[in-house]
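Let's explore a protein model together, one question at a time. Take a moment to look at the structure, and then follow along.

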Amino acid sequence: MDIGTYGYPTATEEKTVSYYDVPEGVDVRGRYDQDFAKILTKDALVFVAELQREFRNHIKYALECRKEAKRRYNEGALPGFDPTTKYIRDGEWVCAAPPPAVADRKVEITGPVERKMIINALNSGAKVFMADFEDALSPSWENLMRGQVNLKDAVERRISFHDRARNRSYKLNQQTAKLFVRPRGWHLPEAHILIDGEPATGCLVDFGLYFYHNHATFRRTQGAGFGPFFYLPKMEHSREAKIWNSVFERAEEKAGIERGSIRATVLIETLPAVFQMNEILYELRDHSVGLNCGRWDYIFSYVKTFQAHPDRLLPDRVQVGMAQHFMKSYSDLLIMTCHKRGVHAMGGMAAQIPIRDDPVASEAALELVRKDKLREVKAGHDGTWAAHPGLIQACMEVFNNHMGNDPNQIHTKKRHDAANITAEDLLQRPVGVRTMVGLRLNTRVGIQYVAAWLTGSGSVPLYNLMEDAATAEISRVQNWQWLKYEVELNGDGLGVRVNKELFGRVVEEEMARIEKEVGEDKFNKGLYKEACKIFTKQCTASTLDDFLTLGAYNHIVVHHPRGSPSRL
């Protein structure tokens with residue numbers, strides 16, 4: 001079918017026009033699709049609009065509070081424990097007990113809501129699959145809506161996929177991982193759905209549509225009377241957890257299910273949030289199933305929080321691991337806090353990818369994963385994350401060998417020693433050096449990730465690691481900070497300082513390397529040059545953008561005015 005300029009139907013096609021049946025005050029600007037229309041029903045959109053109208057001012061206030069906190073940090077203040085909520089930190093309260101269906105979460109796999117990925121992840125042998133609308137997904141209209149269709153099919157066990165290139169069909173095994181869903185963060189809009197004339201909040205669209213269509217079936221088939229289950233990203237303060245708790249209560253009320261049915265794990269992936277862990281759990285105490293060490297975003301947040309602090313520059317990103325004192329302190333305090341409150345303390349991501357054409361290198365990568373997971377389980381984590389199905393068995397063996405038949409370590413690994421962790425421990429400057437290799441890697445990874453994101457991929461294999469928005473963010477903010485303060489690359493022995501002239505040469509040389517690595521044809525067909533402009537602009541900006549994806553989002557928004565035809 002031909003489509004006229006800007007997506008309007010040509011005169012001969014008017015009779016084929018279809019559009020979404022929307023309630024008053026709601027305008028859907030995304031492309032019409034018959035499958036999407038089964039998700040974007042009038043009643044489902046009414047539910048999303050009710051959430052938006054009830055909570056939008058609370059969300060706006062929370063985002064304004066983030067700006068105010070950033071202003072204070074930029075003026076020299078440091079994050080710390082809030083003295084006004086000491087009574088919560090010192091109290092003896094506990095969260096609701098974890099639902100039996102998700103008591104055992106030893107290994108969780110994560111990935112985008114792409115159809116084949118969902119099937120492979122649910123079949124992977126992991127205890128949980130976190131289906132991602134956030135950092136592992138490029139939030140185009142097609143990806144978001146197709147993802148909702150895929151999840152509905154998965155919950156109803158009707159999902160299948162035929163890979164034509166491999167002539168292979170995929171379907172669910174009898175036993176599958178438990179499904180968690182991660183909506184977008186509070187800061188991301190959904191520009192394809194307008195409610196009362198303004199873009200909807202992305203996470204309310206993700207949560208609302210998924211919950212509306214799947215809560216009843218999920219509770220019956222997966223949750224054993226509980227659920228649905230969620231992961232909540234990018235939180236900076238307990239007031240944001242309070243909003244989520246109110247959203248959950250409103251959804252439970254609308255659905256006529258018991259309060260506390262919905263459960264969520266919060267990712268502690270911002271530096272301010274580490275000082276709010278008790279408070280976050282307290283606000284969600286009827287709906288919590290723990291906290292997770294979102295360590296890549298946490299490193300990104302460290303740089304962002306201290307963007308105006310030249311005395312807190314990070315070394316090369318590959319040197320900022322869990323052995324750094326501030327990272328170990330964060331992990332230990334999270335474990336103690338969760339176990340004190342009776343919920344799971346989940347470990348971080350293993351981003352390695354099996355290297356099929358090099359068994360020796362692949363085994364070396366697996367050994368790094370095993371060591372990292374052994375550190376986590378011995379520290380007291382109840383489970384961990386993996387990015388690839390090929391890592392599940394190795395991770396599971398480490399946790400099973402250490403924990404035996406116990407589903408978790410909530411009551412056996414209290415970590416009382418972590419009570420001595422101070423704000424100074426959590427903020428301690430990382431040690432290490434900065435190198436030209438690090439600058440080049442940041443640049444190469446950042447450009448390639450943005451190029452993939454612009455073309456619809458939010459989870460990208462690069463140099464035997466699975467990169468998502470979080471690792472690309474580290475690359476971006478580290479380059480920005482090094483440029484802003486013209487830091488010395490002190491690990492090379494050359495004393496070179498990073499400035500715009502040097503960075504310009506590095507970008508030019510790394511673009512040439514990318515073209516050589518991916519091939520001229522793919523390079524020319526891809527959006528590498530556009531990605532280079534976006535990434536370079538953000539690295540050299542006078543003011544640091546809060547999020548890479550927020551600035552790039554307009555490049556993937558495609559409005560189809562009401563009345564645009566379906567692409568058959």
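Q: Where does Gln352 lie?
A: This is a predicted model, and we can start by placing one residue along the chain. The strand β12 covers 345-350 and the helix α12 covers 359-379. Gln352 sits in the loop between β12 and α12.

Q: How far apart in space are Gln352 and Leu462, C-alpha to C-alpha?
A: Along the sequence, Gln352 and Leu462 are 110 residues apart. Neighbours of Gln352 in space also come from other parts of the chain: leaving aside those within four places in sequence, its contacts include Ala365, His388 and Asn464. From C-alpha to C-alpha, the distance between Gln352 and Leu462 is 9.9 Å.

Q: What is the mean pLDDT of the protein chain?
A: Confidence is a good thing to check in a predicted model. Here 96% of the residues reach a pLDDT of 70 or more. The mean for the protein chain is 94.

Q: Over which residues, besides 563-568, is the pLDDT below 50?
A: Residues 563-568 stay under 50, and the model has 21 contacts for them beyond four places in sequence. Another stretch is also below 50, with 22 contacts beyond near neighbours in sequence. Where pLDDT is low, the predicted coordinates should not be read in detail. That other stretch is residues 1-16.

Q: In what order do the 8 strands of the barrel come?
A: These 8 strands pair in the parallel sense and close into a barrel. The twist averages 30° from one strand to the next. Going round, the order is β2-β3-β6-β9-β10-β11-β12-β13.

Q: Which residue in β3 is the bridge partner of Glu108?
A: Strand β2 (residues 107-112) and strand β3 (residues 128-132) run parallel and are joined by 5 bridges. Glu108 takes part in this pairing, and its bridge partner in β3 is Val128.

Q: What angle does the direction of α12 make with that of β12?
A: Helix α12 packs on the sheet, where it touches β12 and β13 (383-386). Its direction makes an angle with that of β12 of about 165°.

Q: Which strands stand at the edges of the open sheet?
A: This open sheet has 3 strands in the order β1-β7-β8, with antiparallel pairing. A strand at the edge has a single partner, so one side of it is left without a neighbour in the sheet. The edge strands are β1 (26-28) and β8 (198-201).

Q: Which residue in β7 does Val28 stand opposite?
A: β1 and strand β7 (residues 189-195) run antiparallel, joined by 3 bridges. In β7, the residue opposite Val28 is Ile193.

Q: At about what angle to β8 does helix α6 run?
A: Helix α6 spans residues 202-221 and lies across β7 and β8. Its angle to β8 is about 55°.

Q: Which residue in the hairpin of β4 and β5 takes a positive phi?
A: Strand β4 (residues 160-163) and strand β5 (residues 168-171) pair in the antiparallel sense over 4 bridges. One bridge pairs Asp163 with Arg168 in β5. The hairpin has 4 residues between the strands, and the one with a positive phi, near 50°, is Asn167.

Q: Is α10 roughly parallel or roughly antiparallel to α16?
A: The axes of α10 (residues 295-305) and α16 (residues 469-484) come within 8 Å and cross at roughly 20°. Angles under 35 degrees count as roughly parallel. Therefore α10 is, relative to α16, roughly parallel.

Q: How many charged residues are in the contact of α10 with α16?
A: Among the residues that meet here are Trp296 and Phe300 in α10, and Ile474 and Val477 in α16. The contact divides into 7 nonpolar and 3 polar residues, and the number of charged ones is 3.

Q: Which residues of α11 make the contact with α10?
A: α10 and helix α11 (residues 325-340) pack at an angle of about 125°, with their axes 12 Å apart. That angle makes α10 oblique to α11. From α10 come Arg295, Tyr298, Ile299 and Tyr302, and from α11 come Phe326, Met327 and Tyr330.

Q: Is the crossing of α17 and α19 left-handed or right-handed?
A: The axes of α17 (residues 500-518) and α19 (residues 528-540) come within 12 Å and cross at roughly 155°. That makes α17 roughly antiparallel to α19. The contact includes Phe503 and Met511 of α17 and Tyr528 and Cys532 of α19. As α17 passes α19, the crossing is right-handed.

How values were computed
Residues are numbered from 1 along each chain as its sequence is written. This is a predicted model: local features need pLDDT of at least 70, side-chain atom pairs count only at pLDDT 80 or more; totals for chains, interfaces and linings use all residues. Side-chain values use heavy atoms; hydrogens and water are left out. Axes are lines fitted to C-alpha atoms, for helices over the stretch in contact, and angles run from 0 to 180 degrees between N-to-C directions. Helices (H or I, at least four residues) and strands (E, at least two) are DSSP runs, numbered from the N terminus. Angles under 35 degrees count as roughly parallel, over 145 as roughly antiparallel, 65 to 115 as roughly perpendicular and the rest as oblique. A crossing is left-handed if the near helix is turned anticlockwise from the far one by less than a right angle, and right-handed if clockwise. Contact means heavy atoms within 4.5 Å. Two strands pair if DSSP finds at least two bridges between them. pLDDT is the predictor's confidence in each residue, from 0 to 100. Ala, Val, Leu, Ile, Met, Phe, Trp, Tyr, Cys and Pro count as nonpolar, Asp, Glu, Lys and Arg as charged, and the others, Gly among them, as polar.
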